[in-house]
Amino acid sequence: MTQCDSAKRIALGCIADDFTGATDLANNLVRAGMRVVQTIGIPDAGLSIEADAVVVALKSRTIAASEAVEQSLRALRWLQSQGAQQIYFKYCSTFDSTPAGNIGPVTDALMQALDTHFTVATPAFPDNQRCVFKGYLFAGDLLLSESGMQNHPLTPMTDPNLVRVLQAQTQRKVGLVDYQVVAQGSDAIRAHFDTLKSQGVEIAIVDALSNRDLFALGPALRSLPLVTAGSGLAIGLPENFGIGTDSAAADLPSAAGLQAIVSGSCSTTTNRQVMEFIQSGRPALAINPLHIASGADVCTQTLAWAGEHLSSGPVLVYSTAEPEAVRTIQSQLGVENAGALVEQTIAAISCGLVEMGVRQLVVAGGETSGACVQALGIAQMRIGEQIDPGVPWCFASTKLAPQGLHITLKSGNFGSPDFFTKAFAQLKLKHELPY
Ligand code: ADP
């Protein structure tokens with residue numbers, strides 16, 4: 001691990017408990033003016049790109065608490081080695097966790113490691129309809145426990161009261177800064193922190209109903225070594241480091257090269273996006289999981305097809321299918337086996353496409369993105385401009401593209417119907433590229 005030099009000292013070091021959540025946080029920080037790098041897991045070397053904030057993406061939301069703590073502490077040590085001045089533990093805006101954790105245990109461990117006795121916890125993200133009122137979390141108009149999250153297969157959220165939820169996960173005393181205090185502004189929030197501390201509270205749930213509340217909260221957090229939150233809190237932090245909104249923060253190197261989309265997401269949104277791309281008359285090739293399972297060399301066939309079309313504009317390779325077709329495939333191949341076969345094939349195809357000169361790549365699907373990023377050997381990505389909420393263009397160097405590659409990782413439910421053409425149009429507009 002390399003010690004940072006002062007020129008590369010980062011302001012904010014973030015630990016995210018899942019991959020697309022990390023991108024969501026990075027996106028909010030960029031929009032608030034920070035230059036942000038997202039790492040895939042904990043790097044084993046120093047940062048190679050200059051940045052104001054780094055988001056380390058872990059997959060620690062639903063693993064055993066002890067393992068989540070161990071990974072988070074390793075991420076903390078790496079961020080400290082890069083000079084991070086404040087640590088941000090990022091979790092989901094629906095506070096996804098079980099009574100055993102992992103939000104409480106990870107917060108405890110980070111507080112202990114940072115030798116601090118006070119922090120905040122707020123998943124509020126008003127831009128995404130997540131508000132905290134009197135400590136109760138709302139998703140849109142509904143209490144968390146009535147929002148559908150009560151049925152989540154891994155982290156059912158049956159209690160919307162965050163003070164109670166977090167108190168069940170930690171020995172430290174949990175308190176509340178309610179909306180009336182928040183509405184009075186930063187000084188009142190700071191004063192209330194002191195009151196809570198005098199009552200033995202170590203973790204404060206903070207109400208926030210609007211971005212205004214988050215902007216009021218930001219300055220009150222200036223001296224805390226650790227904050228814990230969803231991605232919403234990010235909008236109020238950059239000013240503490242003298243960083244204001246700056247569109248240059250989203251600047252990426254100029255885009256060049258061929259364009260492609262690989263899609264392994266079967267969500268309703270992605271199905272619509274695939275349909276829209278096909279209807280626009282551009283080249284698209286469906287890959288069939290049964291062909292893969294039968295041993296056909298789908299990767300080589302797909303790349304040969306792509307070679308005929310790439311020079312005329314973006315091509316789409318997809319396994320995206322409607323739910324009934326997916327169920328049929330799964331009944332024949334098994335759910336996990338079908339998923340793994342498709343992910344491996346799409347990941348291999350994405351590597352082949354990059355070898356053929358693709359330098360602008362859209363990947364659709366959360367798990368699919370993980371597989372592609374791993375296969376491409378991407379360890380760090382600079383975060384650029386948002387294409388649609390939660391989905392920015394990123395830039396990364398890999399062995400296959402040493403000069404860099406523009407890549408965007410679209411989680412299944414994100415993006416407008418024309419996302420697959422809009423994404424490239426945005427890069428073209430930015431860099432005046434010919435198609
Ligand atoms: P999302 O973000 O929409 O959830 P993911 O990539 O996370 O997308 O998950 C989609 C999963 O479905 C992946 O494991 C992928 O390999 C699998 N999959 C994709 N296409 C098919 C298909 N036609 N039949 C069965 N499984 C598929």
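**Local backbone geometry, a small sheet, a helix and the ligand site**

Gln129 is partly exposed, with a relative accessible area of 46%. This value, like those that follow, was computed from a predicted model. The backbone of Gln129 is also notable, since phi is positive, about 60°, although the residue is not a glycine. Gln129 is placed in the loop that runs between β5 (119-122) and β6.

The strand that follows this loop, β6, belongs to an open sheet of three strands, in which the order is β6-β7-β8 and the pairing is antiparallel. In this sheet β6 and β8 are the edge strands, each of them pairing on one side only. Strand β6 comprises residues 130-133 and is joined to β7 by four bridges, the two strands running antiparallel. Within this pair, Val132 stands opposite Leu137 of β7. The hairpin formed by β6 and β7 has two residues between the strands, and Lys134 in this hairpin takes a positive phi near 55°.

On the side of β8, the pairing is again antiparallel, and two bridges join β7 to this strand, which comprises residues 142-143. Here Phe138 stands opposite Leu143 of β8. Two residues also lie between the strands in the hairpin of β7 and β8, where Gly140 takes a positive phi near 65°. Along β7 itself (residues 136-139), the side chains alternate between the two faces. Leu137 and Ala139 point to one face and are buried, whereas Tyr136 and Phe138 point to the other and are not buried. Leu137, the residue opposite Val132, is thus on the buried face of β7, while Phe138, opposite Leu143, is on the other face.

A further set of backbone features is found in the loop between β4 and α3. Phe95 is placed in this loop and has a phi near 55°, which is a positive value in a residue other than glycine. Phe95 is buried, with a relative accessible area of 0%. The loop between β4 (86-90) and α3 (103-113) is also the place of Asn102. A cis peptide bond joins Gly101 to Asn102, with an omega of about 15°.

Helix α11, which spans residues 323-333, has Val326, Ile329 and Leu333 as its buried residues. Seen down the axis of α11, these buried residues fall within an arc of 65°, so they line one face of the helix. An α-helix has 3.6 residues a turn, so residues three or four places apart point the same way. The cover over the buried residues of α11 includes α9 (289-293) and α12 (335-355). On the other side of α11, the exposed residues are Glu324, Arg327, Ser331 and Gln332. The helix is followed by Gly334, which has a positive phi, near 90°.

The cysteines were examined for possible bonds between their sulfur atoms. Zero disulfides were found in a search of the whole structure. For Cys299, the closest cysteine sulfur is that of Cys351, at 8.4 Å, and this is too far for a bond, because a disulfide requires two cysteine sulfur atoms within 2.5 Å. Cys351 is likewise in no disulfide, as the nearest cysteine sulfur to its own, that of Cys372, is 7.6 Å away. Cys351 is buried, with a relative accessible area of 14%, which lies under the 20% cut-off for a buried residue.

The model also contains a ligand, which is surrounded by 17 residues. The closest of these residues are Ser265, Ser319, Glu343, Glu367 and Thr368. The backbone takes part in several of the short distances at this site. An oxygen atom of the ligand lies 2.7 Å from a polar backbone atom of Glu367. For Gly366, a backbone N or O atom is found 2.8 Å from a ligand oxygen atom. A polar backbone atom of Gly412 is 2.9 Å from an oxygen atom of the ligand.

Methods
Residues numbered from 1 in each chain as written. Predicted model: local features only at pLDDT ≥ 70, side-chain atom pairs only at ≥ 80, totals over all residues. Heavy atoms only, no water. Buried < 20%, exposed > 50% of the residue type's maximum accessible area, 1.4 Å probe, protein only. Arc of directions from axis to C-beta. Contact = heavy atoms within 4.5 Å. Pairing = 2+ DSSP bridges. Near = heavy atom within 4 Å. Polar contact = N/O pair within 3.5 Å; in protein donor to acceptor, adjacent residues only side chain to side chain.
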